[in-house]
Amino acid sequence: MPTPGPPEKRPSPEALLRQARREDRGELKIFLGAAPGVGKTYAMLTEGAALKRDGVDVVVAVVETHGRAETQALLDGQEVVAPRKVEYRGRTLTEMDLDAVLRRAPALALVDEYAHTNVEGSRHPKRWQDVAELLDAGIDVYTTLNIQHVESLNDVVASFTRVRVRETVPDSVFEGAEIKLVDLPPDELIDRLKDGKVYVPQEASRALGHFFSKPNLSALREMALRRAALSVDRQMLHDLDASGVAGTYAAGERILVAISEQPGVDALVRSAKRLADGLNAPWTAVHIETPRSENFDEETKRRIAAALSLAATLGATIATIPSEHVITGLRGQIEAQRATQLIIGRSQRSWWFELRHGSVVETLIRGSSDLAVHVIPSPETATNRAGWKGWLSGWGQPTAYAGALVLIAATTLLAKFAEPLIGRGAVDLLYLVPVIVTATLYGLRPGLFSSLAAALAFNFFFLDPVHTFTISDPQSVLTMLLLTGVAAVTSNLAGRLRTRARIGVRSAEENASLAAFGQMLARASDREATATATCDEVSRLLGVRSVMLAETDGSLSSIVARPREATISPIDQAAAEWAWSSGEPAGRGTSTLVASDWQFHPLKTGLGVLAVLGIASDDGADPIAPDKAALLATLIGQSALAHERLHLEDEMRSFSVLEERDRLRAALLSSIGHDLRTPLTGVTAAIEAMADEHPDAAALPVARAEVARLRRFLDNLLELVRLDAGGVKLDLTPVDLTDVVAAVVHDLKDSLRGHHIDFQVPAGLPLVRVDERLLHHILLNLLANAIQHGGNSGPIGIIGRRTADAVTLTIRDRGEGLEPGTERTIFDTFAQGKGGDRHGGSGLGLAIAKGFSDALGIGIAAANHPEGGAAFTLSFPDRLISKTIDPS
């Protein structure tokens with residue numbers, strides 16, 4: 001008969017669910033690089049342009065070119081979603097317009113700088129959260145990321161670059177993402193830096209001596225290569241689980257370390273950490289919980305919990321797996337994780353122990369042909385540490401054996417009365433009842449004792465000669481042996497079922513509690529309700545006092561405590577603040593501020609630490625039992641996610657209020673602008689009719705000037721609405737600044753009567769690539785501002801210059817100048833300079849000039865001139881300077 005093969009491996013339900021969820025979302029592709037300047041944005045735009053040529057609906061949601069001409073050139077022909085303008089601390093900043101991209105609903109969106117922090121007041125604090133919303137909407141996203149922005153690598157990068165990166169993304173964003181490594185050798189990147197292609201020239205030398213040193217770049221490059229390989233390996237494992245294909249597929253190393261109850265297990269964990277670091281491989285620490293685990297004393301349980309905690313601290317994934325046998329549990333984990341290397345300890349066991357229980361190490365080695373097994377000897381002092389006390393502890397309490405004897409005695413008495421009715425042949429079956437009951441109530445070993453006692457009682461009271469242990473009939477000998485064997489097997493099975501049921505019930509209770517806890521958190525609508533649910537559940541499940549602290553009015557204070565009268569001392573407050581600021585546990589049972597009576601755990605998410613949970617025991621001991629550490633970690637994780645949800649909901653509500661306010665403002669401005677055009681047209685017609693009848697009327701020039709100023713005001717109003725709505729479309733063409741300035745002066749000829757223009761724009765200035773209509777509007781507003789605020793104090797200067805890296809155009813008046821400190825705020829909407837009301841300024845002209853300048857990529861700045869008056873300067877960077885020679 002052929003030997004049956006291994007059972008067919010079925011697809012993992014978790015993997016199938018993961019695939020099903022991904023089908024409803026967009027696909028994410030991350031262009032990963034070691035450092036700025038390796039060409040991530042260039043590679044992303046190149047691939048996006050190629051897809052667009054193939055007919056894919058591609059839009060550029062946001063791209064930072066950093067002034068690189070070759071990157072800017074890739075935007076030609078691409079559809080670019082206009083950025084959203086955000087006022088922040090007196091400055092106008094631009095952010096990706098998430099709602100505009102969602103309304104546009106392209107097949108693919110190109111989103112640069114994945115780790116970018118959005119300006120305060122945005123819907124999401126981080127750009128990676130914006131990307132998540134695009135993916136949820138079914139939009140594919142290409143994005144860029146430097147390796148130093150990965151959360152788990154942040155400390156490592158800071159240790160050798162001496163630069164702490166504040167903008168990070170959680171490692172979970174790589175789940176299901178396609179990684180494309182954009183690689184550049186350090187020497188080539190340094191050459192790019194020296195050529196000014198990464199930073200501006202004056203910053204290049206400083207960068208070469210700090211972040212961009214060759215050792216730093218080499219280390220970052222290695223980290224990027226390893227991270228990309230790790231992501232590819234995880235994706236391969238997910239695909240294998242979904243397809244149900246068996247095998248290790250050791251394209252990358254995956255390490256599993258088995259945590260036992262033996263002393264010296266911490267050395268095993270450190271060995272696994274060193275091996276994982278050497279191979280740069282993911283590793284998992286697993287403890288197999290067998291029926292023996294229930295007989296462990298507190299010291300042993302604490303040792304196991306400490307080893308798992310150490311592994312988690314060193315970066316391992318930890319797990320506790322219930323199983324009937326260690327070998328069965330380990331093999332299941334090896335298969336589930338497709339581990340390529342196993343690290344296991346081997347204690348000095350006696351030959352008698354191995355004869356009875358077998359050797360886990362030898363069994364695994366014999367049965368694992370494609371698994372590398374590392375055996376680490378345990379200290380010899382652990383050989384017979386427990387002695388007879390440890391051996392006896394596994395046999396249970398004396399009350400279990402006394403109970404077994406009572407059940408056997410009761411069965412014997414019942415059998416004596418029943419023997420005349422059922423006959424001696426059926427009496428032996430009655431003795432199976434106390435054996436099964438004992439094994440079910442007390443476990444395997446008391447059940448085996450009960451089976452032996454039942455056999456002896458049956459022999460003594462019912463087999464001839466009765467009241468002796470002698471058996472005269474050979475058939476009775478066979479009956480006695482069969483009874484003993486059946487009773488032993490029945491006891492063994494009942495004991496195993498009891499152990500399995502007990503482990504299953506405990507796991508089911510914890511899972512049910514966690515599910516109920518999740519539902520309570522989902523129903524909580526504010527921070528206090530969430531804190532109350534967390535403290536109630538932690539206190540109930542773990543039997544501890546609990547307190548939730550969060551930042552209120554700039555200080556960390558208690559929100560909810562259980563029991564209500566629970567308080568914390570100044571030492572406890574210091575431990576809580578340490579957990580809040582560092583994001584690490586502190587207090588009793590940790591390595592920081594152990595004098596505290598409380599143990600504090602930060603509720604940490606991608607948004608940072610949102611609250612701190614404190615727990616304490618009534619007897620002053622360590623607040624958390626070793627076997628409850630994993631449960632506590634799960635409760636903390638769920639509570640942290642609930643706090644994050646509330647935080648994001650608050651930000652969403654604030655964003656909705658701001659969005660509604662902006663919408664109403666835009667509607668009001670648009671309505672005013674359009675409604676005033678009709679009466680303005682009538683006024684203009686009336687003035688011209690009066691001019692025909694009274695051409696020499698003294699009020700006629702004043703009326704025309706005021707109508708022209710009112711028309712410019714309405715034009716500014718409508719352009720402001722268009723700018724806020726993202727309705728400005730750019731038509732970039734080479735433009736001669738001399739011609740544009742001349743056209744603006746001509747349009748303002750009436751307002752310029754009585755003013756002298758000091759025109760210093762050389763005819764030899766290079767052409768600039770701008771939208772001529774928008775530039776005309778910018779200069780119109782700047783020159784009108786100079787007319788209003790310059791008065792008759794002197795000429796208005798228009799000065800053009802060619803600098804090393806730009807072309808500048810300055811408009812200077814001879815008025816009172818700007819108030820100190822208003823050089824930036826003067827561009828705010830409705831902001832007015834000195835004498836704004838007196839000169840009739842609307843406060844829109846400079847805001848329009850600033851908005852259009854930002855849309856064109858032109859720098860604009862305001863300052864007081866050393867010789868008096870205000871000067872407004874437009875800076876056209878090199879990327880806007882046309883290399884085309886003017887044919888005229």
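In this predicted model, V427 is in contact with A415, E419, I422, F458 and F462, leaving aside its neighbours within four places in sequence. V427 belongs to helix α17, which covers residues 427-430. The relative accessible area of V427 is 0%, so the residue is buried. One of its partners, A415, lies 12 residues away in sequence. The C-alpha atoms of V427 and A415 are 6.2 Å apart in space.

The largest nonpolar core holds 57 residues. Within this core, V111, Y114 and L145 touch the most other members. The contacts of Y114 can be listed in full, not counting residues up to four places away in sequence. Y114 touches L28 and I30, then R127, W128 and V131. Further partners of Y114 are T143, T144 and L145, together with V169 and V173. Y114 and L145 thus appear twice: both are among the members with the most contacts in the core, and the two residues touch each other. A second core of 42 residues is separate. Among its members are V768, L809, L818 and F872.

F872 also takes part in the surroundings of N785. N785 touches G790, L846 and F872, again without residues up to four places away in sequence. Is N785 buried or exposed? Its relative accessible area is 12%, and buried means under 20%, so N785 is buried. N785 sits in helix α26, which runs over residues 772-790.

Helix α26 packs against another helix. Two packed helices are described by the angle between their axes and the distance between the axes. The partner is α25, residues 737-747. The axes of α25 and α26 come within 9 Å and cross at roughly 55°. An angle of this kind falls outside the parallel, antiparallel and perpendicular ranges, so α25 and α26 are oblique to each other. Their crossing is right-handed. On the α25 side, the contact is made by L737, V740, V741, A743, V744, V745 and D747. On the α26 side, E772, L775, H776, L779, L780 and L783 contribute. By class, this contact has 10 nonpolar, 1 polar and 2 charged residues.

E70 links distant parts of the chain. The residue is found in helix α3, residues 69-73. E70 and R879 are 809 residues apart along the chain, but their C-alpha atoms are separated by 9.4 Å. The contacts of E70 are with Y42 and R192, leaving aside neighbours within four places in sequence. The relative accessible area of E70 is 33%, so this residue is partly exposed.

Some backbone features also stand out. A cis peptide bond joins R562 and P563, with omega at about 0°. P563 is placed in the loop between β14 (555-562) and α22 (570-582). Two residues have a positive phi without being glycine. A105 has a phi of about 50°. The residue lies in the loop between α4 (98-104) and β5 (108-111). A105 has a relative accessible area of 44%, which means that A105 is partly exposed. E113 has a phi near 55°. The place of E113 is the loop between β5 and α5 (127-136). With 26% relative accessibility, E113 counts as partly exposed.

How values were computed:
Residues numbered from 1 in each chain as written. Predicted model: local features only at pLDDT ≥ 70, side-chain atom pairs only at ≥ 80, totals over all residues. Heavy atoms only, no water. Core = buried A, V, L, I, M, F, W, Y, C linked by side-chain atoms within 4.5 Å. Buried < 20%, exposed > 50% of the residue type's maximum accessible area, 1.4 Å probe, protein only. Contact = heavy atoms within 4.5 Å. Helix = DSSP H or I, 4+ residues; strand = E, 2+ residues; numbered from the N terminus. Axes fitted to C-alpha atoms, helices over the stretch in contact; angles between N-to-C directions. Parallel < 35°, antiparallel > 145°, perpendicular 65-115°, else oblique. Left-handed = near helix turned anticlockwise from the far one by under 90°. Nonpolar A, V, L, I, M, F, W, Y, C, P; charged D, E, K, R; others polar.
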